[in-house]
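Me: Please take a close look at a single part of this model and work outward from there. I would like the cut-offs stated where terms come up.

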Amino acid sequence: MNGPSVMPVRGAVITGTGSAVPSRIVTNAELSTMLGEDIDPFVRGTLGIEERHWCMGDESTADLAEDAARLAMEAAGVAPDAIDLLIVATDTPEFISPATASVLHGRLELTRAGTFDLNAGCAGFVTALDVAWKYIRSDSRYQRILVVGAYAMSKYLDQHDKKTVTIFADGAGAVVVEARDTDGILASELFADGRYCHGMGVFAGGTRTPISQSVLDAGLQNKLRFVQKYPASINEEGWPRIVQSVLGRIGYTPDDVDRWFWTQVNRSTIETVMQGLSQPMERAHTIMHKWGYTGSACLPMALDDAVRTGRVRDGELLMFTGSGAGLAMGSLAMRWHAR
């Protein structure tokens, strides 16, 4: 009697990237005028942010996601009817319901694809990429998956809150992940610490605190707030720990990594982590100087920028690490295969 057939392990590679930002540019000088103090020394010198892009009143998360997704599909050379699954990573959704992925699915006319949103805060893209890889590995029906990280946090900013308005920005990044008979994504790991779930967020608009007139009048919980300071050690110790774990499982060390992609919220933290890993800073690709901090979108945006500027080459080992509110963290190692 013949036993059940066993599907050979399939690899997953990125075949196309895309990114998008709104046209409105907000400089440090503009924010300094708005806040009544010079924010440039800290925001540029420590965070590495010189300017950021914010949505206009009629722009939204789905608009940015659509632009990035179309560019990624164009780069991959795939038509909408070739996509088997769409995953959108965001914590600034188009609506509470339905999913932002459903909005994007309709706009892109993905006639064959299933779809869903994924919210893991600023670790969303790594988490979504991990999910896409495992769909491809486990189910032969999935050949091409479109993964989008999208962020429009400017919609939730208090224009007088220096802690948030100077950092957060809007953008989207997208990748097409395809099944291949060669290894692309090699290993990944997710981490969370829910003790920090009240540390930062937009705490009104859900079932715990629905939007009401009193919420709007107070103007606190319906805007992004830092409530509890995250210890610097969360990233400065957590990032090296998770990447060492991922690399160790596939027999590599930090010296083998050609390009590092970190959450783009604080350049000084990236510098500290790279120094701790004994890695030259030039191997870390950063985009916060021109695009600010775009949360779940920052890693695919950084990848697209690196690809389009020729900083990623065939055969290189790439490392993605994202972390943010939740607390959620994820790290993923990938061998880059140029099309």
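Reply: What follows covers one sheet and the helices across it, then a helix elsewhere in the chain.

This is a predicted model, in which local features need pLDDT of at least 70 and side-chain atom pairs count only at pLDDT 80 or more, while totals for chains, interfaces and linings use all residues. Residues are numbered from 1 along each chain as its sequence is written, and side-chain values use heavy atoms, with hydrogens and water left out.

The sheet is open and has four strands in the order β8-β13-β12-β11, with mixed pairing. Strands (E, at least two residues) and helices (H or I, at least four) are DSSP runs numbered from the N terminus, and two strands pair if DSSP finds at least two bridges between them. The edges are β8 (185-192) and β11 (259-262); each has a single partner strand, so one side of each is left without a neighbour in the sheet. From one strand to the next, the twist averages 10°. Seven bridges join β8 to β13 (residues 328-335) in the antiparallel sense, and within this pair L190 stands opposite G330.

Two helices lie across this sheet. Helix α5 (residues 124-138) crosses β8, β12 (317-324) and β13, at about 130° to β8. Helix α9 (residues 238-249) lies across β8, β11, β12 and β13, running at about 145° to β8. Contact here means heavy atoms within 4.5 Å. The axes are lines fitted to C-alpha atoms, for helices over the stretch in contact, and angles run from 0 to 180 degrees between N-to-C directions.

Elsewhere, helix α1 (residues 28-35) has buried residues N28, L31, S32 and L35. They span an arc of only 105° around the axis, which puts them on the same side of α1; the arc is that of the directions from the helix axis to the C-beta atoms. An α-helix has 3.6 residues a turn, so residues three or four places apart point the same way. A29 and T33 are exposed on the other side of α1. Buried means under 20% relative accessible area, exposed over 50%, and partly exposed in between (1.4 Å probe, protein chains only). The buried residues of α1 pack against β2 (24-27), α2 (40-47), β3 (51-54) and α6 (162-165). Just after α1, G36 takes a positive phi of about 75°.
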